[in-house]
Amino acid sequence: MEFSREKIRQIRRLMILAAFLILAILYSDEVFRGISFLIGILSPFLAGGVIAFVLNIPLKMFEEKMLAGWRGKSAQKAKRPLCIVLSIVAVVLVLSIVVGTVAPQVAATAAEIGRKIPGFTERVAEELDRLAQKYPELTSQIEKMDLEKINWDSVLNSVFGFLKNGAGDVLTSTVSVASGIISGIVNGVIAFIFALYILAQKERLGNQGQRILSAFLPEKAGARALEICSLLYKNFSSFITGQCLEAVILGTMFVIAMSIFRMPYALMTGVLIAFTALIPIVGAFIGCIVGAFLIFMDNPLQALWFVILFLLLQQIEGNLIYPRVVGSSVGLPAIWVLMAVSVGGSLFGVAGMLFFIPLMSTAYALLRESVNRRNGERKNADRRNEERKNADRRNEDRRRRNGGKQNADRM
């Protein structure tokens, strides 16, 4: 049996792919180390791409809505830099409002907690005295404890040895932390500059990407790759927009509800919950812990009511608002939104929660398109087969009638 050249070429590709997979499995540790090293090198540029993607959302709004009337040649040259500056200012302004609202309240509360600590310790001491008087057997049990048998010299020597050996570790940790901070600042500057370059030259970069795909991929595969990239961009941008809208809705709900029930720190808690709610599903619990702690310092019973209010609003948000706002923005049903958050969080933590929803939305759209296309092809094939059978049946009936007529003529 002879194979055609195309068949031989396909078998050769499968053999090469199988060899690569076997080598990757055998040397998986080295492969993962190499991937980690490559990601470490490219991390500033990946971060720059993420920054550019986020800034591109308000950038498009400024270009298409607010400055759409700038038609001249000189106006077009100044339009992009101005929109980039406005996008950066908008993002910084939002972050400043959040920090400016939350930080002073947290500082004032921390100072208030510091003032309340002495009174709290006095109340604890009084409560212990009251317990000792009420339950004298506790005092007798404490007095029976033979504290003199503890070798305090050995304990002190162990502490001094730990401090002596830990001094070098502390110095090493300080140097590593300082170098990490410097490296983070440098990488942040590189990422920001790279993001600005992407935003300034995004049309040119997109054209270059299309030319690369058309050069190295067949025409049909290149068009399909561009279609998938466009769908990914649409889903990611829609997800970020929907997530921000959902956070604003949730924060507003908390501000209104806490104001109605006259709970303290309503504005600060609402802003904090809105900011942490950018993490899908579970982010608002961080704001709940901080808000409950702050209210607890004023009124423990009111803190309990705040937790009950949070659980109630969280159920409304998690089961009604979030799947509808975020799910509808990315075209993903509510059940798949919850599944994407659960799977992404289990695999990659917070980053997995953020990325798995648009990724699953893209996979869902591609699968839906493939299923609809295949079902349509099958229905068309079934219809053609049914039409062919009906035609054969009509022809058979026609032949039978013609045969019966010929027999009658012979008779």
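This is a short tour of the structure, stop by stop, with something to select at each one.

**Before you start**

You are looking at a predicted model, in which local features need pLDDT of at least 70 and side-chain atom pairs count only at pLDDT 80 or more, while totals for chains, interfaces and linings use all residues. Residues are numbered from 1 along each chain as its sequence is written, and side-chain values use heavy atoms, with hydrogens and water left out.

**Stop 1: the whole chain**

Colour the chain by secondary structure. It has 11 helices and 0 strands; here helices (H or I, at least four residues) and strands (E, at least two) are DSSP runs, numbered from the N terminus. Now switch on a surface. The chain exposes about 28,900 Å², and carbon and sulfur atoms supply 68% of that area; accessible areas come from the Shrake-Rupley method with a 1.4 Å probe, and for residues only the protein chains shown count as cover. Of the 411 residues in the chain, 22% are buried. Buried means under 20% relative accessible area, exposed over 50%, and partly exposed in between (1.4 Å probe, protein chains only).

How far apart in sequence are the residues that meet? Among contacts between residues at least 6 apart in sequence, 70% join residues at least 24 apart, with contact meaning heavy atoms within 4.5 Å.

**Stop 2: R80 and its partners**

The structure holds 4 salt bridges, each being a side-chain nitrogen of Lys or Arg within 4 Å of a carboxyl oxygen of Asp or Glu. Select E63 and R80 to see one of them, at 2.4 Å from N to O. E63 belongs to helix α2 (residues 28-66) and R80 to helix α3 (residues 73-134), so this pair ties together parts that are 17 residues apart in sequence. Both E63 and R80 are buried.

Keep R80 selected and add E203. These two also form a salt bridge, with their closest N and O atoms 2.7 Å apart. The R80 and E203 pair links distant parts of the chain, 123 residues apart, with E203 in helix α6 (residues 202-216). R80 counts as buried because its relative accessibility is 14%, whereas E203, at 48%, counts as partly exposed.

**Stop 3: R224 and E369**

Next, select R224 and E369, another salt bridge, whose closest N and O atoms are 3.4 Å apart. R224 sits in helix α7 and E369 in helix α11, so the pair ties together parts 145 residues apart in sequence. R224 is partly exposed, with a relative accessible area of 30%, and E369 is partly exposed as well, at 33% relative accessibility. Looking back at the previous stop, salt bridges that share partners join E63, R80 and E203 into one network.

**Stop 4: T362 on helix α11**

Stay on helix α11 (residues 334-410) and pick T362. Is T362 buried or exposed? Its relative accessibility is 5%, so it counts as buried. Not counting residues up to four places away in sequence, T362 touches L231, L232 and N235.

**Stop 5: the nonpolar cores**

Show F254, M258, I273 and F306 as sticks: of the 21 residues in the largest nonpolar core, these touch the most other members. Such a core is a set of buried Ala, Val, Leu, Ile, Met, Phe, Trp, Tyr and Cys residues joined through side-chain atoms within 4.5 Å. Helices α7 (219-260), α8 (266-276), α9 and α10 (300-330) each give two or more residues to this core. Centre on I273 and, leaving aside neighbours within four places in sequence, you will find it in contact with L250, F254, A284, G287, C288, F306 and F310. Another core lies apart from this one; it has 9 residues, among them L332, A340, F356 and M360.

**Stop 6: one side of helix α9**

Now isolate helix α9 (residues 284-298). Which residues of α9 are buried? They are A284, G287, C288, G291, A292, L294 and I295. These residues cover an arc of only 165° around the axis, which puts them on the same side of α9; the arc is that of the directions from the helix axis to the C-beta atoms.

**Stop 7: the loop between α7 and α8**

Finish with R262, which lies in the loop between α7 and α8. Its phi is near 55°, a positive value in a residue other than glycine. R262 counts as exposed because its relative accessibility is 72%. Y265 lies in the loop between α7 and α8 too, and has a positive phi of about 60° although it is not a glycine. At 16% relative accessibility, Y265 counts as buried.

Note on methods:
The expected span of a helix is 1.5 Å times one less than its number of residues.
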